[in-house]
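Could you walk me through this model in the viewer, one selection at a time? I would like to know what to click next and what I will find there.

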Amino acid sequence: MAADAATNFVIHLGSFWLPRQGSTLAPQVDRGFDLALYVGVAFFILVVVPLVLFVWKYRRRRAHDVGKPTGHNTAIEIAWTVIPLAIVMACFLVGFRGFLRASVAPAGAYEIQVTAHKWAWHFQYPTGKSTDNELRIPVGRPVKMVMSSQDVIHGFFIPEFRVKEDVVPGSYTSVWFTVPKPTQTLLECTQYCGLGHSGMLAKVIAMPDADFDKWVHQVKLQGSPVAIGRGLYTSKGCSGCHSINGTRIVGPSFKGLWGTTSHLSDGRNLVVDENFVRKHILDPRSLPVTGYPQVMPSFKGQLTDEQINDIIAFLKTVK
Amino acid sequence: MSDSTTPAHPERSAPAHPERSRGTAAGTNYLNAQRGIKSWLTTLDHKRIGIMYLVSVLTAFLLGGIFALIIRIKLLFPGHYLITRAQYNELFTLHGAIMIFLFIIPSIPASLGNFFVPMMIGAKDVAFPRLNLMSLYIYWVGAAMALLVILIGGVSTGWTFYAPFSEGPDAGHVILMTVAVFILGFSSILTGLNFIVTIHKLRAPGMTWFKMPLFLWSIYATSLVQILATPVLGITMVLLALDRGFHIGIFDPRYGGDPVLFQHFFWFYSHPAVYIMILPGMGIISELIAVHARRRIFGYTFVAFSSIAIALLGFLVWGHHMFVSGQSVMAGAVFSFLTFFIAIPSGVKVFNWLATLYQGSISLRAPMLYALSFLFLFTIGGLTGIFLGMLSVDVHLHDTYFVVAHFHYVMMGGTVMAFVGGLHHWWPKMTGRMYSEAWARLSAILIFIGFNATFFPQFILGSRGMPRRYYAYLPEFQGLHVFSTFGSWVIGAGFFIMLGYLVYSLKAGAVASTNPWGAASLEWQTATPPPTENFPVQPVAEHGPYDFEEVVAAQAALEGSAS
Amino acid sequence: MSDAITPPAPSEKSPSAHLEHAPPAHPERSRGTGFHVAHHFSSAEVQFDANKMGVWLFLVTEVLLFGGMFCAFAVFRSWYFPAFVAGHDLLSKAAGSTNTAVLITSSLTMALAVRSAQMNRKGLTLGFLVATLLFAATFLVIKYFEYHEHWASGELPGALFGHPYMNLKLSNPALAHPLRGESLFFMTYFVMTGIHAVHVLVGMGLITWMLVRTSKGQFSSRYYSPLENVGLYWHLVDIIWIFLFPLLYLIG
Ligand code: HEA
Ligand code: HEA
Ligand code: CUA
Ligand SMILES: [Cu+2]
């Protein structure tokens, strides 16, 4: 899925090394990166240039040459201990200051609850609205993510915003950022979480404050059942495991699935109809399809009956 | 460099030393003293054990390398290609686990260390030869279990085994793999214990601590880390297996346990373990630079003590792998602060090596080429460690390809370069044959170029936001991935050429002299290959390990009289 | 391995290594006395020191193995303090104290066994070793009854807590909910005492081996280092228990 969905996502480059700066935290992080880069390049030159010079100048000319006797020089030893020490301490301070700023969210930040599960992101807004695999945020206001996982550890990473934090089951972690202008970018899962790890992406949309307010208060989704079903297919994470073009990701592709006979590993052969799909969504273990790992999560409590109907409507159209 | 600049091999021109040609009774050495598989499997000779270890770890390297090549081929294309997600996850897990636990941790100490530690201090064997053999058998058992895991369907947790993923249904044969790692840990402990006692108790008369070759200092420091850190890995693996098997709840949040605690346990071992990997490599580099530049190491004591400093500091920084794991800001700050101190003793080493090259007499034979590669690549690897040690920068770089590039630069560019450099350096002593210098230089250059082509683009990938352990990736990353994959083929070519000429040299290489490089440490002062008890008579260390003048002068005189 | 034939010195004598003449070859290993200096040691004393150092280093690794668990204990205890207090109330202080006494006594008899070996008193050595074995066995038997008790009342780690599979009820009604903390207390309790018990078992094996070697007359005032090393190990097992007992049973 990542492959086909990926076409919707881009990380825009800001410089040769780094993505563009999408949040107010980014410039500070990038200054740290640049400092490390300068220090790195400087010391690299300091090592490699003499290296090449010496190798050329002191190359062995006759078989029985030996090097000059080695002297001893305490002053120089101290110099190359103390000077790098001073430099790395500077690096520490710069990194620490940036980190402190990034770890304390300003009071009154707009809070969004993030729930990660294999292999999708669920965002819950204060109004009761929720989205899946699509994070919408208001521009110009500090936004705080309060994050927790339902299963294993995931990682919340928005490269353009320079934020990353693990999403841990059994406890809460958080990140915050302020996005100065409307933009679209990508959220990636950075903590290895299994088969769907590389497909655990979400779209990040920063909207003008007023538009966001309007959007977040409008709770009901609209559209034809098929369209809603298609939306749920991506937003609820079905697409992480089921393709609609026939390729096998984790589970069977939905292409042409409707109405076929499914072979279960307990020997039953059942037709993929309304009941079958409904049951499979709510309790996948009760209908184990042969030839696939039993990893589909139950969506009980996460999909309403109406939404399941919409998914079924959509499924029928995937030929 | 032309061949005329290198010490000639008397054996090649004139049979001046008939007693050293194989087969005659006088030419008895550790290889032909006894014959048959059984004599190898039951040997207590540290040299034979070292050779068996060498073959074993190189086999592991080959296997891990082949997995890496497959990973790289998959990454030619962003989407589904060649292998499935599940296979990909198993491949990088096994690649990492094999490279770390079966290859790089035992690599230098157990093979070259086993062979040369006793010889360099003028001893007949390690302190506990039986334990030494036992550690090899334990290694084989652990390796066999790891192979079994591969055969019965793999494991896909990443080499870090993070809980609770590793306790879930889709992680594969985790328990078997943790048992294998536990067992391999024992083997590592036994090796370390043996070396500490050997270095303390079995030094030849005159061999004071400061007359020891620097390789021994670094092996000593490594052994300390092995002894102090590995037990913690052991208990971690036991706890993980119990938690997965019986749900005792220690790492499982469902029962109040803490997954982050697992990470603390794991890195408490695995960060010091990166110094188990690099320190022996640094020791080899000291030898290679001194011998092939024929100059006493500049700042011997600083280099010696920096090994100990690295070993000890290494215990204080494990939390730098967990800056974004949800540990407290305070913990992050302390770990970051301490991390930077490790740069200092590492820098001391690098600068002292440079100062040794200055005014040396540098021969560009293969071992030196690898030493120079090490300096180049390790410096890049270490300096990118500074990016990662900076808190705010690591937030962006953590778990991206930047980290992947960092650790390949230090492990492959550092340790592996030192290992193969040392392998070439001591090859004549171990096998009695010379490898082909021309081919060796070719493969050194191929590996150097291929390595940079493979891993430098990964820094760029990582800082641009490409996460690691991704089967599929965004199309805009494809260019750099393709470049990286091409690079990996060049590395592969380099290593396969190496395998070829090394094996060929066993059959048809020129017979090596006692001391082809004009080195001054004790292992070069006995016959090539060495006799079973290393030295026919107890050697006495009268000179330092890097006093080349006399050795080289004597060689020159000898050659003058021979011709 | 010991090779009596000294190979000829290489003709190209190294200038930097001054070669002395070989020490007299060591006699072949005399199996009868069980005492030999391996060929690579210059003297019995060096060999003795080396062995002892090896054992000490091994003991260091053991300390670190348990050190990890002690850290985990400290962390969980500070998180779930009330639960840990409740958990420690469920341990039998009587059984714990008895076991402490038993193990300390066994350490004493072990030390006495080493001493008698040094004094060439084979009979006494055997007696003390048997006594040590018996104490060790007593320790394990008491431990077994403790484990059994906890098992029967569902005081078990993690998922086993409250025995969901066996439909057993917790004996203590205060624990009606399978609280996270208590199950973690029993996790640390079972893991730490369990690994300790494994060490006791290994120790018993080693002591039995020493019994056999003593009865074969392999130890004397000249050579008793294996016995002494097993003694060191046994003291370590004892010391670990001396840390475990107050932490788990007394302070909770
Ligand atoms: C051989 C192994 C090895 C070595 C030697 C090192 C060396 C160092 N490493 Fe590395 N590291 C790994 C192997 C190694 N590492 C591995 C395997 C991982 C990832 C594990 C995983 O997640 O799978 C990792 C990950 C890793 C991280 C975590 C990244 C993350 O996951 O977010 C960090 C962070 O601080 C780090 C830092 C360092 C530092 C500061 C050094 C220092 O020791 C480097 C010191 C050397 C130099 C600095 C160069 C020479 C010095 C000079 C020329 C002097 C002048 C220098 C200055 C003034 C700066 N490493
Ligand atoms: C010693 C350590 C080591 C070494 C040497 C290597 C070597 C290589 N690694 Fe590895 N790598 C790791 C340790 C190592 N790696 C670890 C720990 C991870 C993390 C895993 C995880 O995430 O859990 C990793 C992950 C990793 C990834 C990231 C996967 C991901 O995150 O999705 C990639 C991708 O390119 C990669 C590539 C390579 C390549 C191309 C090589 C090449 O350099 C390999 C070249 C070698 C050969 C082709 C073998 C040739 C050998 C012979 C011919 C034998 C004979 C030899 C002699 C005679 C000397 N590695
Ligand atoms: Cu979720 Cu990776
Ligand atoms: Cu580290």
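Here is a short tour of chain B, beginning with the metals; keep in mind that this is a predicted model.

**Stop 1: the iron atom of ligand 2**

Select ligand 2 and show the side chains around its iron atom. Which protein residues act as donors to this iron? They are His95(B) and His408(B), each through its NE2 atom, lying 2.0 Å from the metal. Now look at the six donor atoms together: the arrangement is octahedral because the angles they subtend run from 85 to 179°. Colour by helix next, and you will see His95(B) in helix H4 (residues 85–120) and His408(B) in helix H13 (residues 401–431), so the pair ties together parts that are 313 residues apart in sequence. Are these two histidines buried or exposed? His95(B) is buried, with a relative accessible area of 13%, and His408(B) is buried as well, at 15%.

**Stop 2: the copper ion**

Move on to ligand 4, the copper ion. Its coordinating atoms are ND1 of His271(B) and NE2 of both His320(B) and His321(B), at 1.8 to 2.1 Å. Along the chain, these donors follow the spacing H-x48-H-H. Keep ligand 1 in view too, and draw a distance: its iron atom and the copper ion are 4.5 Å apart. Two of the copper donors link distant parts of the chain, 50 residues apart: His271(B) sits in helix H8 (residues 259–293), and His321(B) in the loop between helix H9 (300–313) and helix H10 (329–357). His271(B) is buried, with a relative accessible area of 3%, while His321(B) counts as partly exposed at 22%.

**Stop 3: a nonpolar patch on the surface**

Switch to a surface view and select Leu62(B), Ile66(B), Ile70(B), Leu82(B), Phe496(B), Leu499(B) and Val503(B). Together they make a nonpolar surface patch of about 590 Å². Helix H3 (46–74) and helix H15 (478–508) each supply at least two of the patch residues. Click on Val503(B) for one example: this residue is in helix H15 and is partly exposed, with a relative accessible area of 47%.

**Stop 4: Thr43(B)**

For the last stop, select Thr43(B), which is in the loop between helix H2 (37–41) and H3. What does its side chain reach? Measure to the backbone nitrogen of Asp45(B), and the distance is 3.0 Å. Thr43(B) is buried, with a relative accessible area of 4%.

Terms used:
Residues are numbered from 1 along each chain as its sequence is written. Chains are lettered from A and ligands numbered from 1 in the order in which they are written. This is a predicted model: local features need pLDDT of at least 70, side-chain atom pairs count only at pLDDT 80 or more; totals for chains, interfaces and linings use all residues. Side-chain values use heavy atoms; hydrogens and water are left out. Donors are N, O and S atoms within 2.8 Å of the metal (3.2 Å for Na, K and Ca); water is not among the atoms, so sites may look incomplete. Four donors count as tetrahedral if all angles lie between 85 and 135 degrees; four count as square planar and six as octahedral if opposite donors are over 155 degrees apart and all others between 65 and 115; anything else is irregular. Helices (H or I, at least four residues) and strands (E, at least two) are DSSP runs, numbered from the N terminus. Buried means under 20% relative accessible area, exposed over 50%, partly exposed in between (1.4 Å probe, protein chains only). Patches are made of residues with over 30% relative accessible area and no salt bridge: like charges are joined within 9 Å, nonpolar side chains (Val, Leu, Ile, Met, Phe, Trp, Tyr) within 5 Å. Accessible areas come from the Shrake-Rupley method with a 1.4 Å probe; for residues, only the protein chains shown count as cover. A salt bridge is a side-chain nitrogen of Lys or Arg within 4 Å of a carboxyl oxygen of Asp or Glu. A polar contact is a pair of N or O atoms within 3.5 Å; within protein, one must be able to donate a hydrogen and the other to accept it, and residues adjacent in sequence count only if both atoms are side-chain atoms.
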